[in-house]
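This report concerns charged pairs and surface character in a single protein model. Please consult the sequence and structure shown below while reading.

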Amino acid sequence: MDNEEVLRRSQAACDALSADDDGLKREVLTHAGNRWSLGVVHALGVAGKLRHAEIGRRMHGVTQRMLTRTLRQLERDGLVVRHDYHEVPPRVEYALSDLGMGLLVHMIPLWTWVIENGSGFRSARATYDDQVKPETSQ
């Protein structure tokens, strides 16, 4: 794909995000940059159905509150399906929906690009840090 095609597609995507349901699209797009959302999507993609605690164990550092909030947001946006077995004690499992699997599939090229360009990011940061000296406090 040449630069002209990249710019054309980029503009088309921006135009689509500026349509009437702009807020919805941007809110759903935040999942692609959210550490916890991507962690849940990845965990469910790899393992299939998981209970809340099982997801939490796979995601180092997430609090129970943040995991619950993330699962609710993903469920609301149709990326995760919640199945309540209506048992005592309660048993609830989560799984990726088709939309959630689509997000996971489409994130792989971005993750690959980030991994492949890690040294370039480190080099750019070092160059920047060498050129921009922190201001001294007065």
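The following paragraphs treat the salt bridges and then a nonpolar surface patch.

The model is predicted. Side chains of opposite charge can pair when their charged atoms come close. A search of the whole structure finds four salt bridges; the table includes three of them.

| Salt bridge | Closest N to O distance |
|---|---|
| Glu5 and Arg8 | 2.7 Å |
| Glu5 and Arg9 | 2.9 Å |
| Arg91 and Glu87 | 3.1 Å |

For the pair of Arg91 and Glu87, the relative accessible area of Arg91 is 24%, so this residue is partly exposed. Glu87 is likewise classed as partly exposed, at 36% relative accessibility. Elsewhere, salt bridges with shared partners link Glu5, Arg8 and Arg9 in one network.

Within that network, Glu5 and Arg8 are separated by about one helical turn because they stand three residues apart in helix α1 (residues 3-17). Glu5 and Arg9, both in helix α1, are four residues apart, again about one turn of the helix. Glu5 has 22% relative accessibility and therefore counts as partly exposed. Arg9 is also partly exposed, with a value of 48%.

A nonpolar patch on the surface is formed by Leu110, Trp113, Val114 and Phe121, which together have about 360 Å² of accessible area. The largest contribution to this patch, three residues, comes from helix α6 (residues 98-116). Val114 is located in helix α6. With a relative accessibility of 38%, Val114 falls between the limits of 20% and 50%, so Val114 counts as partly exposed.

Methods. Residues numbered from 1 in each chain as written. Predicted model: local features only at pLDDT ≥ 70, side-chain atom pairs only at ≥ 80, totals over all residues. Heavy atoms only, no water. Patch = residues over 30% accessible without salt bridge, like charges linked within 9 Å, V, L, I, M, F, W, Y side chains within 5 Å. Areas by Shrake-Rupley, 256 points an atom, 1.4 Å probe, with all protein chains shown as cover. Salt bridge = Lys/Arg side-chain N within 4 Å of Asp/Glu carboxyl O. Helix = DSSP H or I, 4+ residues; strand = E, 2+ residues; numbered from the N terminus. Buried < 20%, exposed > 50% of the residue type's maximum accessible area, 1.4 Å probe, protein only.
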